[in-house]
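Below are some numbered notes on the model. Please read them alongside the coordinates.

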Amino acid sequence: MFRKVLIANRGEIALRIISACKELGIRTVAVYSEADRNSLHVRFADEAICIGPPRSADSYLNVPAVISAAEIADVDAIHPGYGLLSENANFAEVCRASNIKFVGPPPEVTRLMGEKEKARMAMKKAKVPILPGSEGVIQSEEEALDWAKRIGYPVILKASAGGGGRGMRIVRTAEDLPNLFRAARTEAQNAFGNGDLYMEKFIERPRHIEFQVLADQHGNVISLGERECSIQRRHQKMIEEAPSLQVSPKLREEIGQTLKRSLENIGYQNAGTVEFLMDEDGKLYFIEMNTRIQVEHPVTELITGIDLVKAQFRIAAGEKLSDILPAKIELRGHAIECRINAEHPEKFTPSAGKITVFNVPGGNGVRVDTAQYAEGVVPPYYDSMIAKLVVHGVDRAEAIARMQRALGMFVVEGIHTIIPLQQRIFADEDFRAGIFDTKFMERFFEREKQKKDAQ
Ligand code: MV4
């Protein structure tokens, strides 16, 4: 096992990784920006090194600064967490050149999955179901019109270097296509320095369902089932749960086996998440793969009993899945996560500042991952998520009841959070019945507005 690890992240995920290291007997090195001097990841790591000014670009994203810290502290591995440098293949390459183990897949695989059009073709080749769509990058408007005719409108144009919802255009008629094609290409070129586009059949009301996988360095892959992540607003997930009510044991097994074969072929390593869209007929189609540990990994941990971050370290240290995992993995009960963002619950503007009161719920089946505390400060420079409230119950009904009581006991004062909004969602009939897709929040706000106008 590793002797000493640098955690190239901040906030709750840095603490989550430090916790895993402590349980594995690994020494930890935190890096922090000038805005994070008083952060808990600095307090709980064995060592801490300041790597620059508050803005992420000047600190947490500064590859030479992070690598220098790793060399000064003499670590043998770096865990990147999520966001920041986690899916930066160049960073993983620098780690490799510096003889530091990057806890994640090899840079070649990260690079493949980062090019969404290539990832799509690689999955198609491995017989993972994909949506009808273009093959290879679309070179011209004429080619785009050709593909759209074959696929059938509506279609969606996506940036190959994009992902997470950036640089997409829905095209409903041939007439609209030329302008949208040019706009998407310009936007992609400006945002990612790469204007490559591809096309898919557009699903009007998809569910977003993703599969957690683990892969060791000996060619073995396993699927740990799915998470339902449709409750989101402007491509920011708000609530995630596992398992999905829409995924039957048969479908779970089929997709699991398909992913095992395809990712073994691709040479995937470490933890990963394969994103699917589910159409109105309940069919799943691959859209993208994320080559990192995700924010919502705890819901999978709660229903499988597997510590995914410890598994990441043991994989990176060369252990086999068969030595890390139990012989049979069973999915137990139901887990739900609420992201607690420091935002105004109506206007969604970030709410930075000093937290005056911070009462964290606990008790049966409740887990809170956070790096915040009373008298702590939420800096304005980073992601607004200040905590994850995660519950586990025997079934979805118990998990919902548990979440409602825990949300009521989560008291944050001094800044705004979206806890009041989360409480209203958990009271919603459609949410409670499991009737939702990625358009749920739009309909929810519309219903609330209508009720308010009627008063
Ligand atoms: C789609 C789609 C409908 N049809 N692709 C948005 C984020 C990116 N990961 C993929 N996205 C979508 N791709 C086809 N062919 C609808 C979305 C989409 C979406 C997907 C997942 C979660 C939330 C979403 C919100 C709006 C659009």
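1. The C-alpha centres of domain 1 and domain 2 are 37 Å apart. The protein divides into domain 1 (4-103), domain 2 (132-201) and domain 3 (207-454), with bounds from an automatic or database domain assignment.

2. This is a predicted model, in which local features need pLDDT of at least 70, side-chain atom pairs count only at pLDDT 80 or more, and totals for chains, interfaces and linings use all residues. Residues are numbered from 1 along each chain as its sequence is written, and side-chain values use heavy atoms, without hydrogens and water.

3. The largest nonpolar core (buried Ala, Val, Leu, Ile, Met, Phe, Trp, Tyr and Cys residues joined through side-chain atoms within 4.5 Å; buried is under 20% relative accessible area, 1.4 Å probe, protein chains only) has 35 residues. Ile239, Ile340 and Phe431 are among those with the most contacts inside it. Elements giving two or more residues to this core include β11 (236-242), β14 (334-341) and α13 (396-409); helices (H or I, at least four residues) and strands (E, at least two) are DSSP runs, numbered from the N terminus. α13 gives the most, with 5 residues.

4. Apart from this core lies another of 31 residues, among them Phe2, Ile18, Cys21 and Val309.

5. What does isoleucine 340 touch, not counting residues up to four places away in sequence? Its contacts (heavy atoms within 4.5 Å) include Met385, Leu389, Leu407 and Phe410.

Technical notes: Buried < 20%, exposed > 50% of the residue type's maximum accessible area, 1.4 Å probe, protein only.
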